[in-house]
Amino acid sequence: MSDETSDEIKRCPVSHLTTDFGAPVPTNRDSLTAGPRGPLLAQDVWLNEKLASFVREVIPERRMHAKGSGAFGTFTVTHDITRFTRAAVFSEVGKRTEMFARFTTVAGERGAADAERDIRGFALKFYTEEGNWDMVGNNTPVFFIRDPRQFPDLNKAVKRDPRTNMRSALNNWDYWTLLPEALHQVTIVMSDRGIPASYRHMHGFGSHTYSFWNADGERFWVKFHFKTRQGIKNLTDAEATELIGRDRESHQRDLYEAIERGDFPKWTMYVQIMPETDAEKVAYHPFDLTKVWPKADYPLIEVGEFELNRNPENFFLDVEQSAFAPSNLVPGIGVSPDKMLQARLFNYADAQRYRLGGNYQQIPVNQPRCPVHSNHRDGMGRVDSNYGGLPHYEPNSFGQWQAQPEFMEPPLRINGDAAFWDAHADDDNYFEQPRALFRLMTPKQQEALFGNTVRAMGDAPTFVKFRHIRNCNAADPAYGAGVAAALGLDLEEALASLKDDPMYGSPLVALPV
Ligand code: HEM
């Protein structure tokens, strides 16, 4: 028995087995039978309870980001940003706030290997005195799509095929290549940063544009950045394949063991701040999730740091049942018109009510560390005092459940006609930022990008490969040429193939069945 296990036993002795309702269990090995050879008797209530509990142990896994690792930690403010936000979490330099973080892969299921080529989730929960603030980001500053109507399709394309139950390069790349705005994110995922060596060795990004509002009611647009203090470390495809062969839980192991040995991972938090009216002036769409804000225009402003310093005592309790949502905002931190973010504001809590039940906010890891007076009551699995005998309506004559107008957010300016605006017609500047990213890469990094793309495209059909070459070429001819050469395909033929592309020229291809 390890020292930890024996400490745990001393803290919480469980030497006597009881039923869920506290009655002693006389035997845990032998079932109640009529005679030594059976049959079983229905009055063996412990056997019934044990099997019933066992088959209910599994809860639905998250629809995406199912495989992940989590830890508790502390956020410390190191620089004053109160001119931008009134959020209590940033109220003074030196202030510390307890937090919980969960890092994930996206496409794989709960048992997937950690070292897969994929984006990584980077979800942070800050237990502030004015409520929980969740920063549910990724390790990339952009995303594949910019309209939430496409999100379920994106996930279908990257997850398993309905017929073969296998991941499909055809589905994945057919979809990605039909969305030219995805090239920025695809380039990042196929780059040398596409497989972080561990969760400790990657940056995090809020990705969306959010907003800050200060004590004077001024609004600023903001992007969040979290830079790893462990340095960036990545795996090549070959290293990842070898690692997965030995250890499917490499990232979980790395994070857990680092924290156990006291080597607490740290990240520095920065923000980019855009004055509210600049949004109408900048040359790019500032709320487009497929684009970054150039740091030359909006430099990183240091805010603070967080360290992860405590492993959960029980994975299911704290990690599996954790529920992060971009809608968990606090006074001083708001949203932007970004359509993707707007959809996330309702979809996460909806998923969590399904996954964890309507009272999921009472699960310890999700509970705010400040008083909660929501006046929502009852429901399945209510485990607090349920507000006892307090009045259950508002307004009432007893001064209960009073709204707090001093926390009113300043108006969010919106305008425009209601229509199903075409995400492509709105802004077709798909290639400028992937071009800039490609040109920032060293020749070695570009080679890695070409090789990773080829391996990821696998057995996708040629017309899909041609389409990707055309997209890459539109970003930079050297990008198109590099991918074509690595795929062993003719660049000129690829560039001339638009008319043969089933989506743009010739009739649709037959289904691949
Ligand atoms: C998880 C929806 C885009 C980061 C989830 C979950 C849903 C969801 C339903 C599972 C929640 C749960 O069961 O607890 C969506 C929709 C999106 C979107 C509808 C776009 C319209 C994004 C983007 C990011 C992101 C752009 C990052 C910038 C995450 C992370 C998790 C997650 C990190 C895992 C949270 C955890 O660790 O529990 N998403 N998502 N998602 N999503 Fe998204």
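Helix H4 (169-177) is part of what covers the buried residues of helix H3, and that packing is a good place to start reading this predicted model.

**Helix H3 and its two sides**

H3 runs over residues 151-158, and its buried residues are Leu154, Ala157 and Val158. Viewed down the axis of H3, these buried residues fall within an arc of 90°, so they line one face of the helix. A bit of helix geometry helps here: an α-helix has 3.6 residues a turn, so residues three or four places apart point the same way. Pro152 and Asp153 sit on the other side of H3, where they are exposed.

**The chain as a whole**

Stepping back, the chain holds 15 helices and 10 strands. Its radius of gyration is 26 Å, close to the 24 Å that the globule rule gives for 513 residues, so the chain is as compact as a globular protein of that length. Along the principal axes, the C-alpha trace spans about 80 × 70 × 45 Å. Of the 513 residues, 36% are buried. Among contacts with a separation of 6 or more, 72% join residues that are 24 or more positions apart.

**Around the ligand**

Now to the part you may want to inspect in your viewer. There are 28 residues around the ligand, and those that come nearest are His65, Arg102, Gly121, Pro148 and Ser207. By class, the shell divides as follows.

| Class of shell residue | Number of residues |
|---|---|
| Nonpolar | 13 residues |
| Polar | 10 residues |
| Charged | 5 residues |

Which elements each supply at least two residues of this shell? They are strand E2 (96-105), strand E3 (120-128), strand E4 (131-138) and helix H9. H9 gives the most, with 8 residues.

**Tyr348 in helix H9**

H9 covers residues 339-356, and Tyr348 lies within this helix. According to the UniProt record, an unreviewed entry, Tyr348 carries the annotation "binding site". Is Tyr348 buried, exposed or partly exposed? Tyr348 has 19 C-beta neighbours inside 10 Å; a residue needs 20 or more to be buried and 12 or fewer to be exposed, so Tyr348 counts as partly exposed.

Which residues does Tyr348 touch, leaving aside those up to four places away in sequence? Its partners are Phe324, Ala325, Pro326 and Ser327. Tyr348 thus brings together an annotation from the record and a place in H9, the helix that gives the most to the shell around the ligand.

Conventions. Residues numbered from 1 in each chain as written. Predicted model: local features only at pLDDT ≥ 70, side-chain atom pairs only at ≥ 80, totals over all residues. UniProt positions renumbered as here; feature names shortened; annotations may be inferred. Helix = DSSP H or I, 4+ residues; strand = E, 2+ residues; numbered from the N terminus. Contact = placed C-beta atoms within 7 Å. Near = placed C-beta within 6 Å. Nonpolar A, V, L, I, M, F, W, Y, C, P; charged D, E, K, R; others polar. Rg over C-alpha atoms; globule rule 2.2 N^0.38 Å. Arc of directions from axis to C-beta.
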